[in-house]
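Here are a few friendly notes to read alongside the coordinates. Please have the viewer open as you go through the points.

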There are 2 protein chains.
Amino acid sequence: MQTDLSTLLNQALSQLDYGQQPAALYDPIRYIMGLGGKRLRPLLTLLGGQLFTDELAPLVKPALATEVFHNFTLVHDDLMDQAPLRRGQPTVHEKWNASTAILSGDVMLVRAYELLFDVPAAVLPQVLRRFSQTAAEVCEGQQWDMNFETETTVTIPQYLDMIRLKTAVLLGFALELGAVLASASADDAEHLRQFGTDIGLAFQLRDDLLDVYGDAATFGKRVGGDIISDKKTFLLLTAQAQANAAQQAALAQHIGQPVADAEAKVAAVRGVYDELTIRPQTEALINQYFEDALLHLARIDVPAERKEPLRRLALQLLERES
Amino acid sequence: MQTDLSTLLNQALSQLDYGQQPAALYDPIRYIMGLGGKRLRPLLTLLGGQLFTDELAPLVKPALATEVFHNFTLVHDDLMDQAPLRRGQPTVHEKWNASTAILSGDVMLVRAYELLFDVPAAVLPQVLRRFSQTAAEVCEGQQWDMNFETETTVTIPQYLDMIRLKTAVLLGFALELGAVLASASADDAEHLRQFGTDIGLAFQLRDDLLDVYGDAATFGKRVGGDIISDKKTFLLLTAQAQANAAQQAALAQHIGQPVADAEAKVAAVRGVYDELTIRPQTEALINQYFEDALLHLARIDVPAERKEPLRRLALQLLERES
C-alpha cells in the first residue's frame, strides 16, 4: 500500500509545473525536486488521511506542499551550511551559485503555499495558519542550530527543542494536514500531530546515534562526521554533562581543537561515550519518544487495523522490529 | 488624507509581532522594517480601497503584507547584490551575516502571507493566488535583472519586462488588493491593477533617468551610479541601439571596461546620451506609461473626485505638476 502511495506521489510530483522562464530560476527547482528522496512528508499526509477516509485523491496535491517546502529548506540550509552535496549530487549553490540558491528557494516557498490553495474553503484558513506557523518554526530551528555552533553552553532541553523545531514539527504538520483534509476531529488531528512530532524527535536522535554507532555501509554519511565537526548532538551534550574530570579532559583534548587525526578523534570521543553509556541512554530516550508516539496513535478514535500502515512506517523509519 | 493614512499604517506596522526567539532570527526583521521608507505599497492598497469604500479599517492589516513582502525582497536582493547600505544604514547581511539575511528573509515571506489570512473567506483564495503569482513574478524579475548583468545583448522589450516583473507588478497587486477587499467589480480591480503597473513602470524609468540627470542633492543615490556599474538601463540600451559608429566607439571605450576615472566615464556616456536625445526619449516613454495609467484610472466606475487622492499620489511619485 505504501508503495502504491509513493508511486502516486512521485507521479504527481513529476507533473508539477513550477514555472518556465527564466530557466535560471526554475531549472534549479526541477533539479532539487528531481534528486529523489523518500517523499516522507507527503506520504505521512496520505497515511494520516487514510486513517479517516479511503478517498485520498483530493489529498495528493496539498500533500506535496510539505515536500516542496522541505526541499526549499534544504536549498537554503545547504547554502548556509556550505554543504557541497545533497543526496550524493552537487547542491544548488554548488551547481549554480549562491544567488540562484536564494532566489530559487524563495520561489519554492511561494509554490509550496500555492499547493495548499485548493483545499476546501472551510479548512483553508486553518491549514494556511498551521502551515505558516510550522514554516516559521522550522526557520527558528535552523537559527537555533546555527546559534549553537558558536555557543559554549547548550543544554539538553535546548537541543531537544531545536531538533523539534528544525525537524519534528514538519512531520507533525504533514500528518495533521492529512487528518484535517480527511475531516478528522480536532482531537484526532492533534493526537496525530503529536504522534508525528514524537516520531520526528526519535528519528533525529536515531540519526545522531547512527552518526557515531552506525554501519558505514548503510548509514549514507561519513560515520563520526558529527564528532569530527564538534556538532553539539544529544550524545555530546549528554557526555559533557555526565563526564568526570578525566573524561572532561579527554573530551576537551579533542572538541573545539584543530583536528590532526580524524580517526583518533572519533575513537577518543566514542571511548568516552562508551564509558558513560551514552548509547543505551540515547536509545532509552528514542524509546520514550516512540512509546509516547504510540500512546497518541492509540488515542485516535479509529479501528486499530486502520492505524497499521502508519505504525509500520514509524517502525520502518526507526528500523525497529516492533 | 494621505498623511493620515501613512500615520495609520506606521502605527499598525509598529504593532506587528514578527516573533521573539531566537532573537538572531527576529531582530533583523524589526531592524529592516524599522528603517522607514514611504510605505508606498500599503498606501496604494488603502487608496485603492478608498475608491470604493470609506471603511478602511479591515484593509490595514492585509495592506501590510505587501510592505513586509517588499522588505523581504530588499533583504534577499541586497545580499545577492552585495549592497552595503539600505536607506543609508547597513544592510542586514552587513550588520549580521549572509545566513541571517537568508533566514530572516524567509520568515518575512511567511509573515507576509500570514497578514493576508484574515481577509474575508469569499476572497481569500483569490487574494492568495494573486499574491503568490505576484511574488513569483518579482523573483522572476530579480533573476532576469541578474541574468542581464552577464548577457551581451538585452533588448529594450526584455528590459521593460524585467522592470515590470521586478518593480511594477507589486504596485499593481497592492492596488488590486485594495479594490478586491473593498468589493470592487472585477473590471474595476483590473483597471486599478493596470494603473499601478503603469505607474510602476513610469516610476522605474524615472529612477533610471534621475540616475543620469538627477540633482545630486535630492536623488539620494550617487548620480551616475548606473553608468559607472555598466547597468543596462533603458537609457544605455536605447543609446546602444541608436548610436552611430563613432558613438558606438565612444560607448565601447567605457562600458564593460575597467573604470579609471569615474567622472570622466559618466561625462563621456552622458555626452553620447545627449547627442542621441536619450533624455527626451525616456521622458516620452514615461509620459506614455503615465497617460496609459490615467486611461485605466478614468475607466474605473466611481466619481472623479474619489480618484483624486490616487491621481495626486501618482503625480507626486513622478514629481509631475499635473
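**Notes on the predicted model**

1. Let me start with a single residue: A:Gln133 sits in helix α7 of chain A, which covers residues 124-150. Keep in mind that this is a predicted model. A:Gln133 counts as partly exposed because 14 other C-beta atoms lie within 10 Å, a count between the 12 or fewer of an exposed residue and the 20 or more of a buried one. From A:Gln133 to A:Leu181, 48 residues further apart along the chain, the C-alpha separation is 18 Å.

2. Now to chain A in general. Its secondary structure consists of 16 helices and 2 strands. The radius of gyration of chain A is 20 Å, close to the 20 Å that the globule rule gives for 322 residues, so chain A is as compact as a globular protein of that length. The C-alpha trace of chain A spans about 60 × 50 × 35 Å along its principal axes.

3. On packing, 46% of the 322 residues of chain A count as buried. Of the contacts in chain A with a separation of 6 or more, 73% join residues 24 or more positions apart.

4. The contact between the chains draws 32 residues from chain B and 32 residues from chain A. On the chain B side, the elements giving two or more residues are α2 (23-33), α4 (57-80), α6 (98-114) and α7 (124-150). Which of them gives the most? That is α7(B), with 14 residues. By type, the chain B side divides into 21 nonpolar, 7 polar and 4 charged residues.

5. How do the two copies relate? A turn of 180° with a shift of 0.0 Å along the axis lays chain B on chain A with an RMSD of 0.0 Å. The copies are thus related as by a two-fold rotation axis. The same surface serves both, as 100% of the contact residues of chain B recur in chain A.

6. Some backbone details are worth a look. The peptide bond from A:Gln21 to A:Pro22 is cis, with omega near 0°, and A:Pro22 lies in the loop between α1 (2-14) and α2 (23-33) of chain A. In chain B, the bond from B:Gln21 to B:Pro22 is cis too, with omega near 0°, and B:Pro22 lies in the loop between α1 (2-14) and α2 of chain B.

7. Finally, two positive phi values in residues other than glycine. B:Ser183 has a phi of about 60° and lies in the loop between α8 (156-181) and α9 (186-213) of chain B. For B:Asp230, phi is near 60°, and its place is the loop between α11 (225-228) and α12 (234-242) of chain B. B:Ser183 counts as partly exposed, with 14 C-beta neighbours inside 10 Å; B:Asp230 is partly exposed, with 16 other C-beta atoms within 10 Å.

Methods. Residues numbered from 1 in each chain as written. Chains lettered and ligands numbered in written order. Predicted model: local features only at pLDDT ≥ 70, side-chain atom pairs only at ≥ 80, totals over all residues. Contact = placed C-beta atoms within 7 Å. Helix = DSSP H or I, 4+ residues; strand = E, 2+ residues; numbered from the N terminus. Nonpolar A, V, L, I, M, F, W, Y, C, P; charged D, E, K, R; others polar. Rg over C-alpha atoms; globule rule 2.2 N^0.38 Å. Least-squares fit on C-alpha atoms with pLDDT ≥ 70 in both.
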